[in-house]
Amino acid sequence: MNILKSIAVWACFIPLAILNGGLREHVLTEIMGDLRSLAASGVSLSGLILLATWLLLPRLVELTPKLSMAIGGAWTLLTVLFEFAFGLASGIPVSQLVASYNPSTGNLWLLVLTTTALSPAIVCFAKKKKQP
């Protein structure tokens, strides 16, 4: 049940990612160019994911280290599946989807996935440490 509740938090990442991508395409690219805006977008989306996790997940789920790792794994799997399903449905070739996993192109998608995977554990350990 906790994994299902955590999917509500994961679903909040979708509009954040869309808004982040829109900001990159319509603002940052003109200011910074393609390569830098792509990197900045990866960093900002990672920050948004961590912030959303920090604010929302502990309100829905009593986090334990084991559960936080399971949630992070589920979120990462959902993210990759969503990215490929949405990309393929939009007519994006598989080669282009796979290319986003190459950080040498300036794309920090792997940072976003790593943040997605680890943010529940980061929040779990940070919140536990704050408790008296």
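**Entry 1: S119 and T53**

I looked up the side chain of S119 and found a polar contact with the side chain of T53 at 3.2 Å. I took a polar contact to be a pair of N or O atoms within 3.5 Å; within protein, one must be able to donate a hydrogen and the other to accept it, and residues adjacent in sequence count only if both atoms are side-chain atoms. I note that this is a predicted model, in which local features need pLDDT of at least 70 and side-chain atom pairs count only at pLDDT 80 or more, while totals for chains, interfaces and linings use all residues. Residues are numbered from 1 along each chain as its sequence is written, and side-chain values use heavy atoms, with hydrogens and water left out.

I placed S119 in helix α5, residues 109-130. For helices I followed DSSP runs (H or I, at least four residues; strands are E, at least two), numbered from the N terminus. Is S119 buried or exposed? S119 has a relative accessible area of 0%, so I recorded this residue as buried. The classes are buried under 20% relative accessible area, exposed over 50%, and partly exposed in between (1.4 Å probe, protein chains only). Setting aside residues up to four places away in sequence, I listed I49, L50, T53 and W75 as touching S119. Contact here means heavy atoms within 4.5 Å.

**Entry 2: T116 and V123, also in α5**

I found T116 in helix α5. T116 is buried, because its relative accessible area is 1%. A polar atom of the T116 side chain lies 2.8 Å from the backbone oxygen of V112. Beyond four places in sequence, T116 touches F13, I49, G72, W75, T76 and T79. I also checked T116 against A70: the two are 46 residues apart along the chain, and their C-alpha atoms are separated by 12 Å.

V123 lies in helix α5 too. I read a relative accessible area of 0% for V123, which means that V123 is buried. Which residues are in contact with V123, leaving aside its neighbours within four places in sequence? I found T53, W54, P58 and L63. The C-alpha atoms of V123 and L51 are separated by 9.4 Å, with these positions 72 residues apart along the chain.

**Entry 3: The largest nonpolar core**

I then turned to the largest nonpolar core, which has 17 residues. Such a core is a set of buried Ala, Val, Leu, Ile, Met, Phe, Trp, Tyr and Cys residues joined through side-chain atoms within 4.5 Å. The members that touch the most other members are F13, L57, V61, L63, I71 and W75. Helices α1, α2 (34-60), α3 (65-89) and α5 each supply at least two residues of this core. Which helix gives the largest share? I recorded α5, with five residues.

I followed I71 further: with residues up to four places away left out, I71 touches I3, S6, L57, V61, L63 and P120.

**Entry 4: I7 in α1**

I located I7 in helix α1. With a relative accessible area of 29%, I7 is partly exposed. I7 is in contact with W75 and L78, leaving aside its neighbours within four places in sequence. From I7 to S46 I noted 39 residues in sequence and 17 Å in space, C-alpha to C-alpha.

**Entry 5: S41 and S44 in α2**

I placed S41 in helix α2. S41 counts as buried, because its relative accessibility is 3%. Outside the four-place window in sequence, S41 is in contact with N20 and R24.

S44 is also found in helix α2, but S44 is partly exposed at a relative accessible area of 30%. Its side chain makes a polar contact with the side chain of N20 at 2.6 Å. The C-alpha atoms of S44 and R24 are 9.9 Å apart, and these residues are 20 apart along the chain.

**Entry 6: Salt bridge and surface patch**

How many salt bridges does the structure hold? I found one. It joins E25 and R24, whose closest N and O atoms are 3.3 Å apart. A salt bridge is a side-chain nitrogen of Lys or Arg within 4 Å of a carboxyl oxygen of Asp or Glu. E25 counts as partly exposed, with 47% relative accessibility.

Lastly, I noted L23, which lies in helix α1 (residues 2-32) and counts as partly exposed at 42% relative accessibility.
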